[in-house]
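Please open the model in your viewer with a cartoon representation, and keep a selection tool at hand. The stops below are given in the order in which they are best selected.

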Amino acid sequence: MSRLLAALLVLSALPASARAPKLTLFISVDALGSDLLLRNRPRLTGGLGKLLDSGAFYPYARYAYAEARTAPGHATLATGANPWRHGIVDNDIHDRATDQSVQAYTDPAYPILDGVTAPTSDTSPGNLMAETLADRLRMSTQGRGKVVALSFKARAAIPLAGRQGQAWWFDEATGKLVTSTWYAKAVPAWMQALNARKLADAAFGKTWELLRPRAEYAGEDDRAAEPPNPYNMGRTFPHALHGGLKAPGPASYRVFAVSARSHDLLVQAAKAAMEGEGLGKDDVPDLLAVSFSGTDAVFHAFGPTSWEMQDTLLRLDQALGELITAAERAAGGKANLVIALSADHGGAELPEAWVQAGVPAARIHPVEVAKGLAEELRAKFGADVTVKMMELDVYLGGKALESGQVDGVAVRRAAAAWLAKQPFTVTAVARDDLDTAPDVTGLLAPLRRGYYPLRSGDVLFVSKPFHVVSDYPRGTNHGTPYAYDVQVPVVFAGRGVKPGLYRQEIDPVDVAPTLSALLEMGMPASAEGKPRAEALSGR
């Protein structure tokens, strides 16, 4: 057989319809852990429920790094890489140069466009050290494919938009969606029209009511472990949406961001973006990313088993139905659309609720732990060392360290040894020993994947299961390598996807490579994951 004939036979065997979808809809649900979704799945009959039934559903995707947080989670979903490559290790870091805490995407060179920029706030992707799916799409289409990312959080929208797309997020000072001068020189007409509708103002004075009869909600609405009056909205349904104000303002906008009404604003913004940017209108593939943040705000205040979380998922289920229908219409039908859904992290129950249930849980107050560690180091070295705890990262500083009065390696190792002896700790390690210490607990590997030298702490530690690290006396948190924090769902649906329930554990670093395969393009440059071939139909 000639080489020419063999080549022709190979080509004839390839799918005749192999081409990229006109529109890819990438959905992230902040704080949607696998256990949370599976517990509520029987009641989800709208867009989310239908997506689970019609797509390739992976209930058990697990982040391989330790600090499960919003900024690194979205960066990992966007790049297909872990923090040791993309450089986003947490929502906030301690900037050693300025000795202050700053947000992950802080960039004073790019302020908020037509707005007030809070100091140290997220405004640009400059700190993201890896290429994103959005950037790869833009490069692959030579700038013709359009990318729009929407969220209530800048640290979610920015990585999803990458360096070359558009990122829009909610400004709690003004009640509008904003961007920075990195992404735009002027607000486009479609966004001006959306903001002119003042949807956050329209919610002022209204209430958040239960969507379904009270008997359909599991547990109790009024739980002793919940905060007494979170966001001035009350502890039980119905929740007031005025934030304690007499007219719309920052406090009411914050309450709006917590409430399920935030889902509706993002859906309206997505519709406006599809229409205004003409997403899905030609054969050049476009990307629309929407990260729903209200679920995370509800989680932190009320916990993952609360009535508030149950209701916000029911309302999200409705909102996703509207969003997916609009995306199908924009793309000219289901055959031209690909959908992916995942989450940046899960989350812990309220520790007090765990204790009531007999679980060996506790709340860890980092300020108090930092005070104890500083006293230990002062007693051991005869000098003052400043201690700043940010989740699993401990930053050490002060004149004694900076001047060389005390040995930095010895101080870091002493700090790790003290932390390791605390009743709430499983393991602790100085940065100097991270690569060489024996991993007897299996937890150093996740710490290594989340470590980026310029931004991570001097000492890293992992708390015991069911121990919640939080600056607040109420509510809950996430950020550990345990299943309730790092296990999230992944769903692919639409063109080229083989529907089914896939129970094998995967890594969220596989999301961007799988979407790259569906988009018929190369993977982001630093991606560590791989396309999930079992979920690709080849058509």
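Select the hairpin of strand 6 and strand 7, in which four residues lie between the strands and G175 takes a positive phi near 75°. As this is a predicted model, the geometry described here and at the later stops is computed from predicted coordinates. The two strands of the hairpin pair in the antiparallel sense over three bridges, and on strand 7 the bridge partner of W169 is V178.

Stay with strand 6 and colour by accessibility: six of its six residues are buried, so the strand is largely enclosed by the rest of the structure. Next add strand 5, which pairs with strand 6 in the parallel sense over four bridges; here the residue of strand 6 that partners S151 is W169. To follow the connection, select helix 7 (residues 154-161), through which the chain crosses from strand 5 to strand 6 in a right-handed β-α-β crossover.

Now extend the selection to strand 10 (residues 286-292), which runs parallel to strand 5 (residues 147-151) and is joined to it by five bridges, with V290 of strand 10 as the bridge partner of L150. Helix 11 (residues 261-277) packs on the sheet at this point, touching strand 1 (23-29), strand 5, strand 6 (166-171), strand 7 and strand 10, and its direction makes about 170° with that of strand 10.

With these elements in view, show the whole sheet, which is open, has nine strands in the order 7-6-5-10-1-11-18-2-19, and is of mixed pairing. Strand 7 (176-178) and strand 19 (500-501) stand at its edges, and each has a single partner strand, so one side of each is left without a neighbour in the sheet.

Move on to helix 20 (residues 511-518), which lies across strand 1, strand 11 (337-342) and strand 18 (487-494), and which runs at about 5° to strand 18. In the segment after helix 20 you will find E520, a residue other than glycine whose phi is nevertheless positive, near 60°.

Two loops remain to be selected. In the loop between strand 4 (100-103) and helix 6 (133-140) lies D114, which has a positive phi of about 55° although it is not a glycine. Is D114 buried or exposed? Its relative accessibility is 58%, so D114 counts as exposed, the cut-off for that class being over 50%. Finally, go to the loop between strand 8 (207-208) and strand 9 (239-240), where P238 lies, and inspect the peptide bond from F237 to P238, which is cis, with omega near -5°.

Notes:
Residues numbered from 1 in each chain as written. Predicted model: local features only at pLDDT ≥ 70, side-chain atom pairs only at ≥ 80, totals over all residues. Heavy atoms only, no water. Pairing = 2+ DSSP bridges. Contact = heavy atoms within 4.5 Å. Axes fitted to C-alpha atoms, helices over the stretch in contact; angles between N-to-C directions. Buried < 20%, exposed > 50% of the residue type's maximum accessible area, 1.4 Å probe, protein only. Right-handed = clockwise from strand over helix to strand, strands pointing away.
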